[in-house]
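Student: I have a new model open and would like to talk it through with you. Could we go through it piece by piece?

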Amino acid sequence: MISVVSLWPFSPGKPGSEVKVPAEYKVKLTGQSFGAYLLQEKIWQGATSTVYRAQGPQNHSRPKTVAVKVLHPYRSSREHRRQFLREFHLLKRLRHPNIILVYTAGQQDNFLFFSMEFVDGRSLRQYLMEREFSGPQCFYFLMEVGKALSYIHSCGIVHRDIKPENILVAGDLSQVKVIDFGYADYLNRHWWQGAPSLIGGTEPYLAPEVPRGEGSERSDIFSLGVMMGELLLPRIDRGQEVLKEIVQRATHPIPLRRFASVGQLMEACQAALPHLTAALS
Ligand SMILES: Nc1ncnc2c1ncn2[C@@H]1O[C@H](COP(=O)(O)OP(=O)(O)O)[C@@H](O)[C@H]1O
Ligand SMILES: [Mg+2]
């Protein structure tokens with residue numbers, strides 16, 4: 001059976017906007033210790049969780065500053081808790097320069113949380129609203145996301161919520177990392193991997209088959225295709241037509257008519273738009 005996440009009592013708001021949480025639900029956690037972490041600054045307030053910059057114990061493999069994602073206690077139904085921990089466990093299996101690295105998960109009072117590497121930057125959505133980017137720069141972001149997705153799929157996982165809000169970009173643009181595996185799932189789930197993930201996702205990035213419970217690698221290709229059109233079409237003056245064809249194929253309503261892999265999509269782009277790659281090197 002498919003469970004659909006209800007955002008009640010919050011509305012998702014405009015792209016990139018934070019969710020408005022009713023005052024009675026607001027709890028101040030900055031200044032508090034969560035396990036070994038001291039929460040220092042609220043970075044983000046979402047519908048189901050809040051993200052903080054925090055200080056933790058430093059060791060040879062872990063920096064002192066980390067990010068801590070905390071599940072809202074009013075989202076603490078069994079299903080939401082399971083989903084939150086699944087995000088942590090899925091991320092724990094992944095190790096790739098373009099995917100956020102998670103450290104530990106725990107519970108403090110009523111709050112489930114997990115820690116992860118802190119990226120000193122903004123989401124791609126925030127940057128798109130604040131800064132000017134060239135076609136080649138946007139192409140670079142898309143290529144980095146493509147590398148992350150190819151790896152995720154090779155690990156038998158599908159993300160299902162690829163959109164600029166879920167891509168973190170460091171301030172100096174040196175790092176591009178996929179985050180938010182809240183709706184991710186195993187491609188071929190075995191019974192011991194638990195019940196299916198909740199279905200969520202965001203229009204217009206959400207592939208039509210995902211709400212039907214038929215998500216696959218090609219659903220992420222759809223989302224990447226939508227991002228490709230959004231980021232590149234307004235920023236290139238050569239190759240518009242060929243890019244439109246690529247985007248159309250990547251976002252075809254029938255999954256089997258899309259590119260078979262993220263690699264194929266990225267290769268098609270590189271072949272059709274060599275000037276974007278050349279401008280980067
Ligand atoms: N590791 C991190 N480092 C820095 N900022 C982060 C980190 N993780 C999340 N954020 C910030 O929090 C926002 C929401 O994170 P996300 O995991 O997408 O939460 P949600 O599940 O509520 O959508 C991001 O867009 C980003 O601004
Ligand atoms: Mg998100």
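**Walking through the model**

Tutor: Gladly! Let's start from one residue pair: Gly121 stands opposite Ala170 in strand 9. Keep in mind that this is a predicted model.

Student: How many bridges join strand 7 to strand 9?

Tutor: The Gly121 pair places Ala170 in strand 9, and strand 9 covers residues 167-170. Strand 7 and strand 9 run antiparallel, and the number of bridges joining them is three.

Student: Which strands are at the edges of the sheet with the order 7-9-10?

Tutor: Three strands form this open sheet, and their pairing is antiparallel. Neighbouring strands are turned against each other by 25° on average, direction ignored. An edge strand pairs on one side only, and that applies to strand 7 (121-123) and strand 10 (176-178).

Student: Which helix packs on that sheet, touching strand 9 and strand 10?

Tutor: Look at residues 135-154, whose direction makes about 40° with that of strand 10. That helix is helix 3.

Student: Now the six-stranded sheet: why is one side of strand 1 and of strand 5 left without a neighbour in the sheet?

Tutor: This open sheet has the order 1-2-3-4-6-5, with antiparallel pairing. Strand 1 (33-34) and strand 5 stand at the edges, so one side of each has no neighbour there, as each has a single partner strand.

Student: Is strand 6 largely enclosed or open, and how many of its residues are buried?

Tutor: In the sheet order, strand 6 stands between strand 4 and strand 5. Strand 4 and strand 6 pair in the antiparallel sense over five bridges, with Val70 partnered by Phe113 of strand 6. Five bridges also join strand 5 to strand 6, and here Val102 has Met116 as its bridge partner. Strand 6 is largely enclosed by the rest of the structure, because the buried residues number five of seven.

Student: Which residue in the turn between strand 5 and strand 6 has a positive phi?

Tutor: Gln108 stands opposite Phe111 in strand 6. The two strands form a hairpin with two residues between them, and the one with a positive phi, about 50°, is Asp109.

Student: Which helix packs on the six-stranded sheet?

Tutor: Look for residues 78-92, which touch strand 4, strand 5 and strand 6. The direction of this helix makes about 155° with that of strand 5, and the helix is helix 1.

Student: How far apart are the centres of domain 1 and domain 2?

Tutor: Domain 1 spans 2-117 and domain 2 spans 121-280. Between them, 18 residues of domain 1 are in contact with 26 residues of domain 2. On the domain 1 side, the touching residues are nine nonpolar, five polar and four charged. Taken over C-alpha atoms, the centres are separated by 23 Å.

Student: Which residues come nearest to ligand 1?

Tutor: Each of the two domains gives at least three residues to the shell around ligand 1. Strand 2 (37-45), strand 3 (49-55), strand 4 (65-71) and strand 6 (111-117) each supply at least two. By class, the shell has 10 nonpolar, six polar and four charged residues. Of the 20 residues around the ligand, the nearest are Trp44, Gly46, Ala67, Ser123 and Asp180.

Student: Last one: is Trp192 buried or exposed?

Tutor: Trp192 lies in the loop between strand 11 (185-186) and helix 4 (217-232). A residue counts as exposed with 12 or fewer other C-beta atoms within 10 Å. Trp192 has 5, so the residue is exposed.

Definitions and conventions
Residues are numbered from 1 along each chain as its sequence is written. Chains are lettered from A and ligands numbered from 1 in the order in which they are written. This is a predicted model: local features need pLDDT of at least 70, side-chain atom pairs count only at pLDDT 80 or more; totals for chains, interfaces and linings use all residues. Domain bounds come from an automatic or database domain assignment. Two residues are in contact if their C-beta atoms, placed from the backbone, lie within 7 Å. Ala, Val, Leu, Ile, Met, Phe, Trp, Tyr, Cys and Pro count as nonpolar, Asp, Glu, Lys and Arg as charged, and the others, Gly among them, as polar. A residue is near a molecule or strand if its C-beta atom, placed from the backbone, lies within 6 Å of it. Helices (H or I, at least four residues) and strands (E, at least two) are DSSP runs, numbered from the N terminus. A residue is buried if 20 or more other C-beta atoms lie within 10 Å of its own, exposed if 12 or fewer, and partly exposed in between; C-beta atoms are placed from the backbone. Two strands pair if DSSP finds at least two bridges between them. Axes are lines fitted to C-alpha atoms, for helices over the stretch in contact, and angles run from 0 to 180 degrees between N-to-C directions.
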